[in-house]
Amino acid sequence: MALPTLWLYLHFPALQLNSFCLAGKPSEKPEGSALVIIHGRRNEVLQLNKAAEKHGIYTGMGLGTAASLCRNLCVHAYEPEVEKKKLLEISHWLYLITSDISLVEPNGLLLRVSNMLTLYEGLENYWNALKPHLEKLELNYQFATAYSPLAAQLLAKAGLNQISDQQEEILSHIKQRHLSVTELPMKQIEKLIRVGIKHMNELLSIPMAELAKRFDLTLVTYVGRLNGSLPHPVNFYHPPQQFVRYLELLFELSNLQSLSKPLLHLLTQLEAFLRIRDHYADELCLTLHLRDKSLHDIRI
């Protein structure tokens, strides 16, 4: 009998915010500027930095309330495309350490761990190689391992932050979670709560046959994929053959010196891209986007 596959899920709860921070900020902006990312349709805070937290702002707060707590609050609209691009960059960087990576847009990565354990001689060695490589990106992330993609995703988004291959321990953590941290539609969660099912242990205690009689296919499929009884299709990432990156700066720059940090970030990614293929670049094309002016290409 084949052993179940172990998965690792990486959740990036502030990916757009972290992307801005990596771009650096010019010297004329005060250190510690409070910054929030706002969901345009709901008009509420999705992501915020530590400076905003110090003003009493938190995720889920309305924009009006947040603005009243911080006079000079810097506000940006949430852009899923920014996070999708950043996920691709992270995937490429991690590909130096681990092979089977799947993008879960807009802010998650699923890694198949089992086939890497022989190479690294165990789960602990694998994580010890992956973690410092990941931390070089300076991103906020949450993580967890489990024996199905949905289970790993559930525990990571709940902030478990644990690497384990012990099935009973992993199952115990899953059963403790509230339904609100699952990927189930909110209407489905509300329906379950009305009949007294609030936590995963209550949901998982119902036999699949009974579950299929009482609830719709969406719930049955979710539970089946969560516990591994139903297959979960996964598409793996394949590194591109050309290096193209886009980096949006948080503030306008007034001098070339301020470009050094974002350029170093991009050149580090280029280095990793070339290293995987054992190639070199004899020309770089840098495109600068100027406000209210045409694009400028600089070839190096």
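Biologist: In this predicted model, which loop holds Glu 121?
Modeller: Phi of Glu 121 is near 60°, a positive value in a residue other than glycine. Glu 121 follows helix H5 (117–120) and precedes helix H6 (123–135). The place asked for is the loop between H5 and H6.

Biologist: Is Glu 121 buried or exposed?
Modeller: The cut-off for exposed is over 50% relative accessible area. Glu 121 has a relative accessible area of 67%, so Glu 121 is exposed.

Biologist: Where does Asn 43 lie, and what is its phi?
Modeller: Asn 43 sits in the loop between strand S2 (35–39) and strand S3 (44–48). Asn 43 is not a glycine, yet its phi is positive, at about 55°.

Biologist: Why does Asn 43 count as partly exposed?
Modeller: Buried means under 20% and exposed over 50%, with partly exposed in between. Asn 43 counts as partly exposed because its relative accessibility is 39%.

Biologist: What is the strand order in the open sheet of four strands?
Modeller: The pairing is antiparallel. Neighbouring strands are turned by 20° against each other on average, direction ignored. The order is S5-S6-S1-S7.

Biologist: Which strands stand at the edges of that sheet?
Modeller: An edge strand here has a single partner strand, so one side is left without a neighbour in the sheet. That holds for strand S5 (101–104) and strand S7 (142–146).

Biologist: How many bridges join S5 to strand S6 (residues 108–112)?
Modeller: S5 and S6 run antiparallel. One residue pair across them is Ser 102 with its bridge partner Leu 110 in S6. The number of bridges joining S5 to S6 is four.

Biologist: Is the peptide bond from Glu 105 to Pro 106 cis or trans?
Modeller: Pro 106 is placed in the loop between S5 and S6. Omega of the bond from Glu 105 is near 5°. The bond is cis.

Biologist: Which strands does helix H7 touch when H7 packs on the sheet?
Modeller: The direction of H7 makes about 145° with that of S7. The strands touched are S1 (7–11), S5, S6 and S7.

Biologist: How many residues of H7 (residues 149–157) are buried?
Modeller: The helix is mostly covered. Its buried residues are Pro 149, Leu 150, Ala 151, Ala 152, Gln 153, Leu 154, Leu 155 and Ala 156. Of nine residues, the buried number eight.

Biologist: What phi does Gly 159 take?
Modeller: Gly 159 comes just after H7. Its phi is positive, at about 80°.

Biologist: How are H7 and helix H12 (residues 217–227) oriented?
Modeller: Their axes are 6 Å apart and meet at an angle of about 90°. That angle makes H7 roughly perpendicular to H12.

Biologist: Which residues make the contact of H7 with H12, and how do they divide?
Modeller: H7 gives Leu 150, Ala 151 and Leu 154. H12 gives Tyr 222, Arg 225 and Leu 226. They divide into five nonpolar, no polar and one charged.

Biologist: Is Gln 188 buried or exposed?
Modeller: Gln 188 is found in helix H9 (residues 186–194). Buried means under 20% relative accessible area. At 6% relative accessibility, Gln 188 is buried.

Biologist: Which residues is Gln 188 in contact with, leaving aside its neighbours within four places in sequence?
Modeller: Leu 134 is 54 residues from Gln 188 along the chain, and their C-alpha atoms are separated by 35 Å. The contacts of Gln 188 are Phe 215, Asp 216 and Leu 219.

How values were computed: Residues are numbered from 1 along each chain as its sequence is written. This is a predicted model: local features need pLDDT of at least 70, side-chain atom pairs count only at pLDDT 80 or more; totals for chains, interfaces and linings use all residues. Side-chain values use heavy atoms; hydrogens and water are left out. Buried means under 20% relative accessible area, exposed over 50%, partly exposed in between (1.4 Å probe, protein chains only). Helices (H or I, at least four residues) and strands (E, at least two) are DSSP runs, numbered from the N terminus. Axes are lines fitted to C-alpha atoms, for helices over the stretch in contact, and angles run from 0 to 180 degrees between N-to-C directions. Angles under 35 degrees count as roughly parallel, over 145 as roughly antiparallel, 65 to 115 as roughly perpendicular and the rest as oblique. Contact means heavy atoms within 4.5 Å. Ala, Val, Leu, Ile, Met, Phe, Trp, Tyr, Cys and Pro count as nonpolar, Asp, Glu, Lys and Arg as charged, and the others, Gly among them, as polar. Two strands pair if DSSP finds at least two bridges between them.
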